[in-house]
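Notebook open. I want to look up a few things in this model and write down what I find.

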Amino acid sequence: MSTVQIVFLFVGFMILLAAWMMVSRSNLVHSALWLVVALFGVAVLFVLLEAGYLAVIQVLVYIGAIAILMIFAVMLTRGDVESLTHITNRYAGWAAVMGAFLLFGLVIVLGQWPAFQTTSPEAIESANPVLDLGMAFVSPDGFTVPFIVASVLLLAAFIGAIYAAFPRKKGE
């Protein structure tokens with residue numbers, strides 16, 4: 001095994017551990033901090049894949065903006081939530097079994113997909129990832145519609161957050 005493969009396996013394990021810790025903690029601040037660890041691990045994977053631009057965007061946008069915003073929002077708006085909620089319920093076992101089945105099916109389906117087959121190193125070296133990403137976002141055959149749908153969804157969430165945070169008058 002090469003050094004890059006060992007680092008990849010270590011970082012992959014750390015991402016899985018951080019994701020598990022994120023969803024299993026009852027303290028929301030701790031969950032948000034584990035999310036930061038998982039997102040940083042994804043940035044390290046981008047570095048290992050020699051996609052420096054995506055690694056920087058991952059750190060700036062997801063860790064630097066979204067995760068920190070979530071931490072501040074949780075710290076400023078929530079009280080002590082630990083005593084109010086329980087972390088598991090009686091369907092946790094069934095959820096784990098169904099999640100394992102879905103993961104198995106996803107691995108089978110994606111293994112059959114031609115896009116996940118090996119590509120030649122010459123095709124990878126000749127590609128410009130930043131140009132390809134930009135073209136994928138704006139080309140009609142690319143991700144234009146999902147990109148616009150995601151932006152409308154974020155706008156709706158932003159408007160809903162403003163409405164929920166706005167103080168209500170008496171009688172409303």
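From which domains does the lining of the largest pocket draw at least three residues each? I looked up the bounds: domain 1 (1-81) and domain 2 (126-172) each give at least three residues to that lining. I note up front that this is a predicted model.

**Entry: the pocket**

I checked the volume next. The largest pocket holds about 980 Å³ of space. I counted its lining at 23 residues. V61, Y62, I66, A150 and L154 lie nearest the centre. I then asked which elements give two or more residues to this lining. They are helix 3 (52-77), helix 6 (129-138) and helix 7 (144-165). Helix 3 gives the most, with 10 residues.

I sorted the lining by class. I found 21 nonpolar residues and two polar ones. No charged residue is in the lining.

**Entry: F137**

I picked a residue in helix 6, which gives residues to the pocket lining. F137 is found in that helix. Is F137 buried, partly exposed or exposed? I read a relative accessible area of 33% for F137. Buried would need under 20% and exposed over 50%, so F137 counts as partly exposed.

I listed its contacts, leaving out residues up to four places away in sequence. F137 touches F143, T144 and F147. I also took one distance. F137 and I148 are 11 residues apart in sequence, and their C-alpha atoms are 9.6 Å apart in space.

**Entry: E50**

I looked at the backbone here. Phi of E50 is near 60°. That is a positive value in a residue other than glycine. Where does E50 lie? I place E50 in the loop between helix 2 (28-48) and helix 3. I read a relative accessible area of 72% for E50. The cut-off for exposed is over 50%, so E50 counts as exposed.

**Entry: the whole chain**

I finished with totals. How many helices and strands does the chain have? I count seven helices and zero strands. From the N terminus on, the elements run α-α-α-α-α-α-α.

The chain has 172 residues, and 13% of them count as buried. I noted the exposed area too. The chain exposes about 14,000 Å². Carbon and sulfur atoms supply 75% of that area.

Last, I checked contacts along the sequence. I took those with a separation of 6 or more. Residues 24 or more positions apart account for 49% of them.

Technical notes. Residues numbered from 1 in each chain as written. Predicted model: local features only at pLDDT ≥ 70, side-chain atom pairs only at ≥ 80, totals over all residues. Heavy atoms only, no water. 1 Å grid on protein atoms, 1.4 Å probe; cavity = no way out; pocket = protein on both sides within 12 Å on 5 of 7 lines; lining within 4 Å. Points joined across faces, edges and corners; volume = space filled by probe spheres on them. Helix = DSSP H or I, 4+ residues; strand = E, 2+ residues; numbered from the N terminus. Nonpolar A, V, L, I, M, F, W, Y, C, P; charged D, E, K, R; others polar. Domains from an automatic or database assignment. Buried < 20%, exposed > 50% of the residue type's maximum accessible area, 1.4 Å probe, protein only. Contact = heavy atoms within 4.5 Å. Areas by Shrake-Rupley, 256 points an atom, 1.4 Å probe, with all protein chains shown as cover.
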